[in-house]
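User: I'm new to this one and would like a close look at a single part: the place where the two chains meet. Could you walk me through that, and tell me how far to trust what's around it?

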Amino acid sequence: MATVALKDVTKVFPDGTIAVDNVNLDVGDGEFMVLLGPSGCGKSTVLRMVAGLEDPTSGAIVLDGELANDLAPRDRKIAMVFQDFALYPHMTVGDNIGFPLRLSGVDAEPRSERVADVASALGIGDVLGRRPSQLSGGQRQRVAMGRAIVRRPGLFLMDEPLSNLDSGLRAELRAEISGLTRELGVTTLYVTHDQAEALTMADRVAIMRRGVLQDVGTPTQVYGRPATLYVAAFLGAPRMNLLEAQVYVHLDRHIALHMGEQTLYLPWNDIRARAVAHYHGERIVVGMRAEALVPVPVDTEGDVLRGRIRYLEHHGHESLAFLDIGAYAVIVDDIGGTPPEVAGPRGLRRFGNLVKRVAGRGGEQELVGASVAGHNGRGGNGKPGPGGRNSEGVFSDPGRHHRRPAELAVRLAPYPAVGSGHPLAVSVRMEALHFFDDRGQRIDVGWR
Amino acid sequence: MSTLVKQQAPAAAATKALSRRSSSRRGRFVLNLVVVALMIIWAVPTVGLLISSLRPQSVLSSSGWWTAFAPPYHFTMANYRDVFHQAGIGQAFVNSLLIAVPATVIPLFVAAFAAYAFSWMTFPGRDLLFVVVVGLLVVPLQTTLIPILKLFADWGLTGQFLAVWLAHTGYGLPFAVYLLRNFMGSLPRAVFESAAIDGANHVTSFFRLAVPMSLPAFAALAIFQFLFVWNDLLVSLIYIGLANPDNLPMTATIANLVNSLGGGWYLLGAAAFVSMALPLALFFGLQRYFVRGIVGGAVKG
């Protein structure tokens with residue numbers, strides 16, 4: 001019934017905050033698009049700009065193929081459900097639902113008919129005479145939904161409509177909302193910070209971080225092949241294991257990925273081998289989800305990582321073991337949302353890098369490597385030093401990523417007969433690994 | 001040792017809680033006592049006036065009102081009868097109403113529009129304008145008496161009700177705008193945004209949302225403004241007094257009782273109670289709006 005397109009949309013607030021940074025997004029007719037991201041990432045601002053509650057600083061908002069930047073909210077044929085429901089407290093439920101109809105001049109009789117239809121469809125037919133303050137949270141949410149659908153809009157905007165409800169109700173209403181919008185065939189733009197909502201409800205998911213659109217795709221696409229390190233870190237429970245790896249290409253055999261004391265070998269017949277080989281001598285990020293790791297007997301050969309269990313988490317249906325494998329984790333630490341660190345002067349960053357190296361790993365070899373990096377040259381033994389491109393981006397920007405021993409999350413059967421300190425080996429499905437470069441971009445070939 | 005500590009800890013906590021509870025109860029008792037004492041002190045003059053108004057003139061001029069509690073008892077309604085019969089207080093009561101009701105409604109109406117605009121409309125200079133309006137709160141109305149009286153005289157308004165309405169509107173507006181804006185500004189923004197999406201323009205959301213949701217503030221403000229105007233002597237004396245004494249309100253008439261009747265001061269108590277009757281009724285009638293919060297249930301909570 002309606003399409004939405006955002007073209008180079010930027011929003012800068014009066015205080016200078018860049019809330020939305022050059023976002024391009026297309027929502028097809030009848031599509032359920034979820035905007036996902038941590039709080040403060042600009043997803044609500046995008047929604048409010050589509051609603052007409054905020055004006056974009058630059059860029060175009062196109063509704064149904066027509067420029068809508070200057071349209072008033074009421075002329076956009078949209079309906080919106082707010083996070084805190086925004087019901088009119090002095091009106092009854094029936095008047096609340098009928099309010100949009102009343103404003104568009106529908107007579108009392110057809111109005112009350114339509115209100116009754118909508119209310120009974122939502123299961124709130126028997127509370128039409130009450131006021132919002134006499135309703136439960138779930139009922140209020142349904143009233144807000146009813147007020148949105150009663151006008152039969154072309155486009156639904158929902159701003160975290162479930163985040164004020166308790167978890168049981170949330171799951172119930174999740175199914176109800178996606179069922180309802182599909183039944184009505186309405187284009188929906190749905191904002192949430194809850195990845196479970198995004199992955200279960202969406203036709204497509206758009207993931208944002210600090211105003212920048214990171215990835216758009218079906219839930220399977222963004223989960224299975226995340227476009228950036230950030231998306232990879234954000235989606236999934238337990239979170240994806242992100243390990244720092246040193247790439248070393250053996251032309252005749254394989255590509256070695258050195259992760260601390262352990263090494264995985266990417267065979268040349270892997271489709272991504274060539275792309276990864278470009279990073280010879282550099283560090284990349286290797287991501288592996290818990291489902292890519294299978295516990296195996298300790299003496300198994302092949303693509304196996306070994307370590308000791310640091311601690312266990314029991315979830316009832318499964319237990320998670322967190323394994324210390326002597327590798328370093330890459331922490332994407334703004335999943336909670338810290339402001340971006342502006343890169344400092346080059347020399348200072350280098351110095352930070354050096355200090356971290358000395359403090360982090362120690363050992364003579366690493367000190368040599370660090371001094372090599374400091375001189376921006378190569379080591380005397382002819383091997384490329386860990387300088388060059390690595391000195392910027394994911395690994396060495398002290399504001400964004402910290403260096404920390406990795407804790408590899410592995411799924412085990414519930415309540416296993418092992419405890420902390422117990423050695424464990426996991427076999428790695430090499431084709432299920434994700435590779436990201438030092439800028440956090442996915443390393444892959446023709447991947448979408 | 002550790003088990004000993006563990007056993008002692010809950011016991012100690014229990015005694016502490018107990019003593020805290022009893023001390024808080026004692027504190028509340030003292031608080032109640034103080035509040036009741038203050039209320040009594042506050043009410044004594046009014047009670048004295050009430051009793052005086054019920055005593056005959058001869059007794060009134062020879063003994064204090066507190067002696068009325070001891071026999072012989074002298075109570076009479078004669079003062080009230082005299083007030084109603086002699087002083088033309090009925091016309092003054094009507095005049096007071098004719099002054100106070102419009103002088104309450106007009107500023108409230110204007111202030112409501114202003115408060116909505118200051119809260120929910122964006123226009124250049126909005127905040128500056130609001131600061132200026134609120135800044136007018138510090139202007140004492142006495143400084144405006146002469147210039148405005150001159151103005152009203154030029155326009156031929158002196159002695160008419162309209163003059164007092166305009167004056168009270170002007171004097172009441174800054175506070176009314178300030179109070180209403182603060183109230184409307186604290187209404188949930190999402191409600192107005194939702195209405196804008198549902199198709200409401202500013203006029204609709206003012207009358208359908210802002211006004212009904214601000215009723216408690218309107219009630220409070222109406223009481224303040226009405227009492228101020230009802231009890232006002234100065235403004236009506238200046239702008240009406242000399243030009244047209246027939247339009248004078250109760251306050252001025254009561255003040256005149258003493259002058260015109262010489263010893264008529266014994267009527268003052270009764271007259272004061274007559275003039276208090278309406279504000280009291282108004283207050284008790286609108287009191288529930290002070291207590292009831294109409295905003296409940298708008299948003300989550």
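Analyst: Sure, let's start right at the meeting point. On the chain A side, 24 residues are in contact with 21 residues of chain B. Two elements of chain A each give two or more residues to that side: strand 6 (78-81) and helix 2 (93-103). As for what the chain A side is made of, it has 16 nonpolar residues, along with five polar and three charged ones.

Keep in mind that this is a predicted model. For the complex, the predictor gives an ipTM of 0.72 and a pTM of 0.73.

Now for the surroundings on chain A. The domain assignment splits this chain into domain 1 (4-226) and domain 2, which comes in two pieces (234-343 + 392-436). Between the C-alpha centres of these two domains of chain A there are 38 Å. An unreviewed UniProt entry also has something to say here: its annotation "domain: ABC transporter" covers residues 4-235 of chain A. In the model, that span is 37% helix and 25% strand, and its end C-alpha atoms lie 25 Å apart.

Over on chain B, the mean pLDDT is 81, with 85% of the residues at 70 or more. Two stretches deserve some care. Residues 1-7 of chain B stay under 50 in pLDDT, and the model has zero contacts beyond four places in sequence for them. Residues 293-301 of chain B also stay under 50, but for that stretch the model has 30 contacts beyond four places in sequence.

Conventions
Residues are numbered from 1 along each chain as its sequence is written. Chains are lettered from A and ligands numbered from 1 in the order in which they are written. This is a predicted model: local features need pLDDT of at least 70, side-chain atom pairs count only at pLDDT 80 or more; totals for chains, interfaces and linings use all residues. Two residues are in contact if their C-beta atoms, placed from the backbone, lie within 7 Å. Helices (H or I, at least four residues) and strands (E, at least two) are DSSP runs, numbered from the N terminus. Ala, Val, Leu, Ile, Met, Phe, Trp, Tyr, Cys and Pro count as nonpolar, Asp, Glu, Lys and Arg as charged, and the others, Gly among them, as polar. pLDDT is the predictor's confidence in each residue, from 0 to 100. Domain bounds come from an automatic or database domain assignment. UniProt positions are given in the numbering used here, feature names are shortened, and annotations may be inferred rather than shown by experiment.
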